[in-house]
Amino acid sequence: LLLERVDEGARFGEWTPAIDVEESDKEYLIKADLPAIQREDVKVGVEDGVLTIEGERKQEKEEKGLKFHRIERSYGKFVRRLAVPTDVDQSQVSAAFKEGVLQVHLPKSATTKPRAVQVPVA
């Protein structure tokens, strides 16, 4: 199972950003939609085989002379936790944040790549 959720059934925050998980020969790539969030409000970490993405989208405050007629977007803190596959080199995980999308790169370890082995039959 690739990057199964370990936060299934538990609510760690007030909302949960959508994520995509891609796999290539070299890495897993996680993309998380984080619109209206500042880079400094996002934390990414890997510990004991679990990738954690957490942060906060702050709600705009009503200002004098400005009224909100409808608020449909979710605000507050969020946490996403995903199990990291065993073939990931956790020391090489990197992240980039651009235009409201967080990209977390989980490179595969060179030592665990599958290879063909000839087995002699006795």
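1. Because a residue counts as buried under 20% relative accessible area, as exposed over 50%, and as partly exposed in between, Lys 31, at 28% relative accessibility, belongs to the partly exposed group. The model under discussion is a predicted one, and the points below should be read with that in mind. Of the 122 residues of the chain, 30% count as buried, while the chain exposes about 9,100 Å², of which carbon and sulfur atoms supply 46%.

2. On the overall content, the chain has 0 helices and 7 strands, so that its elements, taken from the N terminus on, read β-β-β-β-β-β-β. Among contacts between residues at least 6 apart in sequence, 58% join residues at least 24 apart.

3. One open sheet consists of 4 strands in the order 1-2-7-6, and its pairing is antiparallel. Strand 1 and strand 6 (94-98) stand at its edges, and because each has a single partner strand, one side of each is left without a neighbour in the sheet. Neighbouring strands of this sheet are turned by 15° against each other on average, with direction ignored. Within the sheet, strand 6 and strand 7 pair in the antiparallel sense over 5 bridges, and Phe 97 stands opposite Leu 102 in strand 7.

4. A further open sheet is formed by 3 strands in the order 3-4-5, again with antiparallel pairing. Its edge strands are strand 3 (42-47) and strand 5 (76-83), each of which pairs on one side only, and the twist from one strand to the next averages 15°. Strand 3 is joined to strand 4 (residues 50-57) by 6 bridges, the two running antiparallel; in this pairing, the bridge partner of Lys 43 is Glu 54 in strand 4. As general background, strands of a sheet pair through backbone hydrogen bonds, either parallel or antiparallel.

5. Turning to charged side chains, a search of the whole structure finds 3 salt bridges. One of them links Glu 22 with Lys 31, with the closest N and O atoms 3.2 Å apart. Glu 22 has a relative accessibility of 36% and therefore counts as partly exposed, and Lys 31, at 28%, is likewise counted as partly exposed.

6. Another salt bridge joins Lys 108 to Glu 23, where the closest N and O atoms are 2.6 Å apart. Lys 108 lies in the segment after strand 7 (101-107) and Glu 23 in strand 1 (residues 19-23), so this pair ties together parts that are 85 residues apart in sequence. Lys 108 is buried, with a relative accessible area of 15%, whereas Glu 23 is partly exposed, with a relative accessible area of 43%.

7. Asp 41 also forms a salt bridge, in this case with Lys 58, and the closest N and O atoms of the pair are 3.6 Å apart. Asp 41 lies in the loop between strand 2 (27-33) and strand 3, and Lys 58 in the loop between strand 4 and strand 5, so the pair ties together parts that are 17 residues apart in sequence.

8. Finally, the surface carries a nonpolar patch formed by Leu 66, Phe 68 and Ile 71, which together have about 250 Å² of accessible area. Of these residues, Ile 71 is placed in the loop between strand 4 and strand 5, and its relative accessibility of 47% makes Ile 71 partly exposed.

Definitions and conventions: Residues numbered from 1 in each chain as written. Predicted model: local features only at pLDDT ≥ 70, side-chain atom pairs only at ≥ 80, totals over all residues. Heavy atoms only, no water. Pairing = 2+ DSSP bridges. Axes fitted to C-alpha atoms, helices over the stretch in contact; angles between N-to-C directions. Salt bridge = Lys/Arg side-chain N within 4 Å of Asp/Glu carboxyl O. Buried < 20%, exposed > 50% of the residue type's maximum accessible area, 1.4 Å probe, protein only. Contact = heavy atoms within 4.5 Å. Areas by Shrake-Rupley, 256 points an atom, 1.4 Å probe, with all protein chains shown as cover. Patch = residues over 30% accessible without salt bridge, like charges linked within 9 Å, V, L, I, M, F, W, Y side chains within 5 Å.
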